[in-house]
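Grab a coffee and open the viewer. Here are a few exercises, each with a solution worked out in steps.

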Amino acid sequence: MAGDIMGASGRTVFARVAGEMKRTGKADFVVANAENAAAGKGLTSKISDELFDAGADVLTLGDHAWDQKDTAQLLDRDSRVLRPANFPPACPGRGLVTIDTPMGKVTVISLVGRVFVRNSDDCPFRTVDALLKKEANIGKVILVDIHAEATSEKTAIGRFLDGRVSGVAGTHTHVQTADEQVLAGGTAYITDLGMCGPTNSIIGCDTDTILKFFLTGMKFRFEVSSDSASAMMHGAIIDVDESTGKARSIKRIRE
Ligand SMILES: [Fe+2]
Ligand SMILES: [Fe+2]
């Protein structure tokens with residue numbers, strides 16, 4: 001699973017590192033958060049095709065889901081692109097997909113938190129609980145992206161789902177946490193995967209612009225940092241026993 005892909009340099013590093021992992025068999029299935037893939041703002045059809053060609057199997061979104069105007073159409077066209085399942089039900093798209101793979105069915109669920117994010121979304125706990133109970137076509141291997149700001153909320157989702165899914169990985173902060181672990185019930189967990197993007201930055205954005213914002217409180221157009229040479233792919237490799245759906249291990253990626 002890969003953290004938020006940020007702009008062109010994030011896409012390039014994702015394609016290089018995840019593509020290599022796919023080709024060498026180090027990764028069988030790749031889930032990436034693509035909410036910042038289009039110059040930091042959402043995801044376009046063209047860029048989603050590019051990321052699938054690069055090795056992604058499922059792309060998830062977050063609070064930036066509607067930054068690009070063609071995302072609604074993209075969600076209707078391609079079921080491998082997910083918006084959070086607990087967005088208001090009237091939104092286009094879905095938050096769950098099950099893909100047939102040589103290892104069996106893999107289900108991916110996208111969720112968004114409610115602490116310090118948006119206030120229009122349904123409860124992620126009740127939403128995922130209902131999905132796991134009601135969804136008919138669900139794989140043994142289940143991966144959940146919880147796109148949220150608060151570490152407490154993400155940890156709570158991890159503990160809530162322990163033993164029911166293979167992995168829960170946080171996204172959104174763009175800063176990788178060092179708390180990766182397999183919980184008691186067999187669910188791999190990390191509070192935040194980090195970011196695929198320029199690390200010489202402030203969470204992927206141009207440092208000078210963000211500093212000006214903090215020092216003046218004025219509005220500025222945030223741009224992705226142009227230091228593409230500093231781009232890294234952050235994420236985690238989760239090893240799952242596909243016969244039980246339980247995780248054997250989780251290992252952070254910083255490449
Ligand atoms: Fe993000
Ligand atoms: Fe976000």
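The exercises below go from the metal site to the core and then to the sheet.

This is a predicted model, in which local features need pLDDT of at least 70 and side-chain atom pairs count only at pLDDT 80 or more, while totals for chains, interfaces and linings use all residues. Residues are numbered from 1 along each chain as its sequence is written, chains are lettered from A and ligands numbered from 1 in the order in which they are written, and side-chain values use heavy atoms, with hydrogens and water left out.

**Exercise 1.** Work out which residues coordinate the iron ion (ligand 1), and why its arrangement is irregular.

*Step 1.* Look for donors, meaning N, O and S atoms within 2.8 Å of the metal (3.2 Å for Na, K and Ca); water is not among the atoms, so sites may look incomplete. You should find D4 (OD), E35 (OE), N36 (OD1) and H174 (NE2), at 2.1 to 2.2 Å.

*Step 2.* Check the angles. Four donors are tetrahedral if all angles lie between 85 and 135 degrees; four are square planar and six octahedral if opposite donors are over 155 degrees apart and all others between 65 and 115; anything else is irregular. Here the angles run from 86 to 171°, so the arrangement is irregular.

*Step 3.* Go back to the sequence: the donor spacing reads D-x30-E-N-x137-H. D4 sits in strand β1 (residues 4–5) and N36 in the loop between β2 and α2, so this pair ties together parts 32 residues apart in sequence. Helices (H or I, at least four residues) and strands (E, at least two) are DSSP runs, numbered from the N terminus.

**Exercise 2.** Which residue bridges the iron ion (ligand 1) and the iron ion (ligand 2)?

*Step 1.* List the donors of the iron ion (ligand 2): E35 (OE), D63 (OD), H147 (NE2) and H172 (ND1), at 2.1 to 2.2 Å.

*Step 2.* Compare with the other site: E35 coordinates both ions, which are 3.5 Å apart. E35 is in the loop between β2 (31–33) and α2 (45–54), while H147 is in strand β7 (residues 141–147), 112 residues apart.

*Step 3.* Check burial, where buried means under 20% relative accessible area, exposed over 50% and partly exposed in between (1.4 Å probe, protein chains only). E35 is buried at 1%, and H147 is buried at 0%. D4 and N36 are buried too.

**Exercise 3.** Find what surrounds L51.

*Step 1.* Start with the largest nonpolar core, a set of buried Ala, Val, Leu, Ile, Met, Phe, Trp, Tyr and Cys residues joined through side-chain atoms within 4.5 Å. This core has 32 residues, and L51 is among those with the most contacts inside it, along with F14, L43, L59 and M233. Its largest share, five residues, comes from α1.

*Step 2.* Count contacts, meaning heavy atoms within 4.5 Å. Leaving aside neighbours within four places in sequence, L51 touches I5, R11, F14, A34, A37, L43, A56 and L59.

*Step 3.* Zoom out to α2: L51 is one of its buried residues, with S45, I47, S48, F52 and A54.

**Exercise 4.** In what order do the strands of the open six-stranded sheet run?

*Step 1.* Strands pair if DSSP finds at least two bridges between them. The order is β5-β6-β7-β8-β10-β9, with mixed pairing.

*Step 2.* Find the edges: β5 (96–101) and β9 (181–182) each pair on one side only.

*Step 3.* Inspect one pair: β6 (residues 104–112) and β7 run parallel, joined by seven bridges. V108 stands opposite L143 in β7.
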